[in-house]
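Visitor: I'm new to this one, so could you take me through a single part of it slowly? I'd like to see how one chain sits with its neighbours.

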Amino acid sequence: MTLFLIFDILGTAAFAISGAAFAMQKKMDPFGVLIIGFVTAIGGGTLRDVMIGKEPVTWMTHLPYVYTIIIAVLLAITFRKKIGYLSKSLFLFDTIGLGIFTITGTEIGIQNGLHPIISVSLGMISATFGGVIRDTLCNEIPLIFHKEIYATACIIGGIFYVLLTYFQVRQDVNFLLTISIIIAIRLLAVIFHLKLPTFYN
Amino acid sequence: MTLFLIFDILGTAAFAISGAAFAMQKKMDPFGVLIIGFVTAIGGGTLRDVMIGKEPVTWMTHLPYVYTIIIAVLLAITFRKKIGYLSKSLFLFDTIGLGIFTITGTEIGIQNGLHPIISVSLGMISATFGGVIRDTLCNEIPLIFHKEIYATACIIGGIFYVLLTYFQVRQDVNFLLTISIIIAIRLLAVIFHLKLPTFYN
Amino acid sequence: MTLFLIFDILGTAAFAISGAAFAMQKKMDPFGVLIIGFVTAIGGGTLRDVMIGKEPVTWMTHLPYVYTIIIAVLLAITFRKKIGYLSKSLFLFDTIGLGIFTITGTEIGIQNGLHPIISVSLGMISATFGGVIRDTLCNEIPLIFHKEIYATACIIGGIFYVLLTYFQVRQDVNFLLTISIIIAIRLLAVIFHLKLPTFYN
């Protein structure tokens with residue numbers, strides 16, 4: 001599906017830029033910025049591939065992702081002073097990436113005959129662990145563990161995708177519906193400052 | 001072996017609870033608490049599986065572990081104010097988990113034809129790296145690198161298990177002897193505040 | 001190639017010592033020192049093996065590496081007060097290790113039919129991620145992300161190696177030329193305090 005590929009590339013680029021922006025905040029050198037951008041974009045998918053035994057992992061045999069990441073990081077470095085202004089578009093790309101990676105991960109789980117619960121987990125891991133690795137390498141407690149509805153959107157989206165697959169909804173329809181839900185949850189969460197309830201006094 | 005399965009589930013639950021308790025100390029949101037509980041329980045086994053090429057990794061094809069972890073984390077959240085009082089039972093479960101995971105890891109190494117030294121290392125990694133990943137994600141230097149006899153108990157237990165296997169001791173006897181040794185070392189270490197000698201002045 | 005094996009063992013030893021020295025600075029207990037030494041020496045190669053699907057990973061089936069690491073860590077602990085004086089030899093070993101691991105990683109990429117860009121990345125990952133994991137476990141932002149020409153030397157060396165392979169230069173000649181280049185870049189970088197240009201004001 002060409003639409004899918006376009007979105008996938010956009011998501012990869014957005015994740016790479018978000019990683020690069022994070023690394024620049026930490027005053028890393030250009031190489032560090034590139035690696036953090038790279039790891040943010042491919043970390044979740046790499047962990048997914050390694051855990052299901054799909055090796056060599058995807059980015060090693062799909063160069064367009066690698067080129068996308070390199071270009072995205074170079075753009076992030078070049079326009080580093082304008083990234084602030086672009087944060088809304090970035091947020092949108094990041095959310096699209098989140099949706100796409102959730103769907104690909106979940107779909108790969110289903111295709112590998114894994115149980116629906118595991119497939120949904122795999123989708124969530126694919127979408128969020130790039131960011132977890134980014135934060136860990138930058139010596140921060142991963143954002144998704146204490147801020148905002150983020151992984152929750154992936155889990156709800158994944159469950160939705162699995163259900164629609166079960167009811168044999170056409171894959172492109174399923175894809176568009178699921179990604180819309182993930183984006184909607186994430187947008188609403190940010191607009192209304194929704195968080196998971198905490199239980200600390 | 002049913003006894004084995006029961007202990008394995010108990011160990012998984014204890015590791016999940018210890019992870020969840022740690023995450024709650026760090027004021028993570030419920031999702032973060034779940035993930036840290038999950039990672040603590042399955043991290044060591046996942047690393048073990050990935051390094052020997054057993055993929056999909058175990059938890060992806062064995063749902064009882066996943067259910068156990070979810071229930072354990074929910075219990076930890078519900079009774080979070082009483083976890084302090086329960087710390088002794090928790091410590092016991094955690095130690096049982098440590099013993100079980102050491103044995104499973106070592107046994108898997110032997111079954112895969114790995115050298116005894118490697119099998120013992122694999123057992124130790126299976127038992128301790130869930131905690132290492134937990135601490136790293138929570139932005140702490142892993143506890144086992146600077147506190148208490150912990151991994152040492154796994155290594156001694158693993159060596160013992162390999163020796164008894166070599167002398168063809170019945171597996172259930174071997175299992176019970178090895179786990180008793182690991183638990184005994186750990187209990188003695190905590191009761192008498194034993195540490196590895198350090199060499200810093 | 002015997003020369004290769006000797007260098008590889010030397011590189012492994014140097015990485016193990018550098019890890020152990022780092023862990024001792026962090027006042028870890030002897031077990032922690034051993035594990036950090038181990039992880040520094042085999043972390044990059046393990047990640048490399050796992051991503052391309054070469055499992056069990058190399059150190060699990062090649063005991064000489066394991067013995068080398070144990071001996072190197074014991075030496076590092078014994079002579080811990082003299083490591084300061086030895087820092088020049090250590091730096092040399094570390095750089096040799098860097099060169100060797102870059103070449104092995106790149107070569108394995110080529111042999112697995114991966115694209116040259118991916119093979120060079122694989123070489124760089126093999127050479128540097130042991131240190132990345134060491135720094136992450138010790139709760140530091142990885143050194144290579146913000147200091148000195150280090151990974152850059154691996155990338156240049158890897159590109160050089162791929163080019164010479166393409167032009168069918170004899171492998172031992174290629175090996176010696178590439179490692180000389182990596183060592184030269186690293187030495188010049190340290191002597192002249194070269195860094196990647198940064199773009200922060």
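Guide: Let's start with how the copies relate: a turn of 120 degrees, with a shift of 0.0 Å along the axis, lays chain C on chain B with an RMSD of 0.0 Å (copies are superposed by least squares on the C-alpha atoms of residues with pLDDT of at least 70 in both). That's the relation of a three-fold axis. Bear in mind that this is a predicted model, where local features need pLDDT of at least 70, side-chain atom pairs count only at pLDDT 80 or more, and totals for chains, interfaces and linings use all residues. Residues are numbered from 1 along each chain as its sequence is written, while chains are lettered from A and ligands numbered from 1 in the order in which they are written.

Now for the side of chain C that touches chain A. Here 23 residues of chain C meet 22 residues of chain A, two residues being in contact if their C-beta atoms, placed from the backbone, lie within 7 Å. On chain C, helix H2 (30-52), helix H6 (116-137) and helix H7 (151-166) each give at least two residues to this side; helices are DSSP runs of H or I, at least four residues long, numbered from the N terminus. By class, this side has 13 nonpolar, eight polar and two charged residues (Ala, Val, Leu, Ile, Met, Phe, Trp, Tyr, Cys and Pro count as nonpolar, Asp, Glu, Lys and Arg as charged, and the others, Gly among them, as polar).

Turn to chain B, and the contact takes 22 residues from chain C and 23 from chain B. Two or more residues come from each of H2, helix H4 (63-78) and H6 of chain C, with H2(C) giving the largest share, seven residues. This side divides into 14 nonpolar, four polar and four charged residues.

As for how the copies meet, only 14% of the interface residues of chain C are also interface residues in chain B, so they meet through different surfaces.
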